Amino acid sequence: MAEATSAPILTLRQIDKFFGDINAVERVSLEIQEGEFFTVVGPSGSGKTTLIRLLVGMDKPTNGDILLRGKRINDVPANRRPTCMVFQSLALFPHMTVGQNVEYPLKCRNRPKPERRERALACLKVAHLPESYYDRPVTQCSGGERQRVALARALAFDPEILFFDEPLSAIDFRLRKTLEKELKDIQRETGKTFVYITHSLEEAMVMSDRIAVMRNGRIAQIGTPREIYTSPNSRFVSEFMGEVNTLPVVVDDSGEVVCESLNLRLPLPASLPRDKRSGSLVIRPEDLRFARDGEGLIRGTVFNEYLLGSRVQYQIRVGATTLLVEQLRDTDTAMLRDQSVALTFTPTESMLFLE
Amino acid sequence: MTEHTVPLTGAPVSRRATALTPPPAGVWCALPMILLFLLGFLGPLGMVVLYSFMPRGSFSPIGRPTLENYVDIVAQNFHISFGWSLWLALLSTAILLLVCYPLALAIQRASPGRGILITVLIVAPLFVAENIRLQGWVLFLDKAGVLGGSLQALFGWELDSLVNNVPAIVFGICYIYLPFMLFPMLLGLASVPHDAREAALDLGASRWRLFRDIELPLAAPGILIGSLLCFVISLGAFSEAKFLGKGVIVTIAQDIESAFTFGQNWPRGSALSVLVILIAGVAVFLAMRQVRLENLLGRR
């Protein structure tokens, strides 16, 4: 993992990008370390694709500076930058063979044919494609093979930073899981700086050293996957992580947090501001546990059960509210429909956001 | 192909018959076109071929076949007209390639609204008959025409006639056939994926390399079809040489016309036509082979 000791390879200072009146990227500042797997994650329309286009050099920022190893590269066009990108559509050249595609960046540098071939074969190997694919037309490759060709082509470029614009989004689930892990392995083996863009925080969690969560053109939070998971700084980030229980709360005059829908009162943590009166309580399904009689904080009835492989998810009705609860499957607490249950959670595992 | 096509309800086919054995509706639908093609295209073509083997000056398609018309064409100086027509066709196709490529790129990159505006402006002249447009250019370019007259009236410059020469003919051909190059070329360029361009640039390609390695090969089918259209049509160019050239040269189309009219020698006109059709056929054959090759290498 990249320690923040060395100078950053890429620095963004107060980047703005306007399209007409629309502020697609707003005052984004961040530093990416050499050899890091950095992921920008956000819902569609959050500005992440705009941001990567600025970083690759296909668009220019309206304001702010992009520095590569301390040198300002705002005005350097994409074909002069020592970085390259794997496109969402992969953007393979359909009239070329796999080999010609992979060799293209070397052809642009007028490298001799034997050297190009040697390097292309080496890159195909890194991307787990057999040498026999060298002469195959890309149009004859499957979806997963094309991913590998696109990756090999980008590796052949030997970029200082390799950018990825959601290349795995069109791939089926199982292959995607395989490729995610392979990508992380390749990043470790090559030691290159990878900057990855995705709308899936789950994907980001698997691969990244650090994650930046984007929302409405701004960065909502930057941190390691663990930091983002354990201490999200906003309701948006906490909800973006996946299915969570979000419940409205108010702070009463005595300084206690009241969650009416669960009939629950909690002390207001000292870290939160005293002046705000309402907000939300976010509890992850896996942080809710079934309690023994008399110990539960919340009482409800089992409404439905979903088997998620190694885990089981329950929908628990508490008055008019439905809570999601997730348990490991081997806990022999087989629940029946309409059974009354008591739930508990450790308040420190819950997240309270006041607005 | 069409076996599975279900006839539309209300078609003049009895319902019961449809239920038992579905008639090949596609064939019925295509029948008018097939008849028109047979009677209107292949029929006359066959007649032309037949006449080209009839004795000189004969008006009947029935007679002892002979090659004397072809011998005449070789013996007399028809190669000059052939030469001019081929040269004009090649030259104008080359000029149109150079003119239309940047134009097509500009249209493609313009905003949709502006692209449509430019397209409409280019298409608009097609609504006026070709001969009238050419006469307009004659009036504009001739001695004391709109251009020369205006220059003389405003600045006192004497301008000689700009028509009655070969460049004027080439200009006319390029002017008339520009859309035939432009639109297939636009289609060709539209089939170049935008992100393939961006990816090439991102991988370090220069503008020139992008053009040579990505744009040209991917747009090749459209460009080739455009060139083919322009070449074949301008091979038969007639009015341009007649109006803008006023007889400085004679194209093969003019020879054919005069053989059928003044010359009253239908077999000779037919033989000349057959030769022109052969040249065009060879061009089409060569070009289509390239297009198929392109498809083989690229998308399938």
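Trainee: At what angle do helix 2 (residues 98-108) and helix 4 (residues 143-157) of chain A pack, and how far apart are their axes?

Mentor: The angle is about 25°, and the axes lie 7 Å apart. Those are the usual descriptors: two packed helices are described by the angle between their axes and the distance between the axes. Here an axis is a line fitted to C-alpha atoms, for helices over the stretch in contact, and angles run from 0 to 180 degrees between N-to-C directions. Before we go on, this is a predicted model, where local features need pLDDT of at least 70 and side-chain atom pairs count only at pLDDT 80 or more, while totals for chains, interfaces and linings use all residues. Residues are numbered from 1 along each chain as its sequence is written, with chains lettered from A and ligands numbered from 1 in the order in which they are written.

Trainee: And what makes helix 2 of chain A roughly parallel to helix 4 of chain A?

Mentor: The cut-offs: under 35 degrees is roughly parallel, over 145 roughly antiparallel, 65 to 115 roughly perpendicular, and the rest oblique. With an angle of about 25°, helix 2 of chain A therefore counts as roughly parallel to helix 4 of chain A.

Trainee: Is that crossing left-handed or right-handed?

Mentor: Right-handed. In that case the near helix is turned clockwise from the far one by less than a right angle, whereas anticlockwise would be left-handed. Helix 2 of chain A contributes A:V98, A:N101, A:V102, A:E103, A:Y104, A:P105 and A:L106 to the contact, and helix 4 of chain A brings A:V149, A:A152, A:R153, A:A156 and A:F157. Contact means that the C-beta atoms, placed from the backbone, lie within 7 Å. By class, those residues split into 9 nonpolar, 1 polar and 2 charged. Nonpolar covers Ala, Val, Leu, Ile, Met, Phe, Trp, Tyr, Cys and Pro, charged covers Asp, Glu, Lys and Arg, and the others, Gly among them, are polar.

Trainee: Why is helix 1 (residues 48-56) of chain A called largely enclosed?

Mentor: Because 8 of its 9 residues are buried. A residue is buried with 20 or more other C-beta atoms within 10 Å of its own, exposed with 12 or fewer, and partly exposed in between. The buried ones are A:K48, A:T50, A:L51, A:I52, A:R53, A:L54, A:L55 and A:V56. Right after helix 1 of chain A comes A:G57, with a positive phi near 105°.

Trainee: How do you know that strand 8 (residues 193-198) of chain A is mostly covered?

Mentor: Same kind of count: 6 of its 6 residues are buried. A:T193, A:V195 and A:I197 point one way, A:F194, A:Y196 and A:T198 the other, and all are buried.

Trainee: Which way does strand 8 of chain A run relative to strand 3 (residues 37-41) of chain A, parallel or antiparallel?

Mentor: Parallel, over 5 bridges. Pairing requires that DSSP finds at least two bridges between the strands, so 5 qualifies. Strand 7 (residues 161-165) of chain A also runs parallel to strand 8 of chain A, again with 5 bridges. A:Y196 stands opposite A:T39, and opposite A:F164 too.

Trainee: What makes strand 13 (264-267) and strand 20 (351-354) of chain A edge strands?

Mentor: Each has a single partner strand, so one side of each is left without a neighbour in the sheet. The open sheet has 5 strands in the order 13-12-11-14-20 (chain A), paired antiparallel, and its twist averages 30° from one strand to the next. A:L266 is in strand 13 of chain A.

Trainee: Why is A:L266 called partly exposed?

Mentor: A:L266 has 16 other C-beta atoms within 10 Å. That value lies between the 12 and 20 cut-offs, so partly exposed is the label.

Trainee: What does chain B give to its contact with chain A?

Mentor: It gives 19 residues, touching 18 of chain A. Helix 9 of chain B supplies the largest share, 6 residues. The side of chain B that touches chain A has 10 nonpolar, 3 polar and 6 charged residues. Chain B itself has 13 helices and 0 strands; helices are DSSP runs of H or I, at least four residues, and strands are runs of E, at least two, numbered from the N terminus.

How values were computed:
Two residues are in contact if their C-beta atoms, placed from the backbone, lie within 7 Å.
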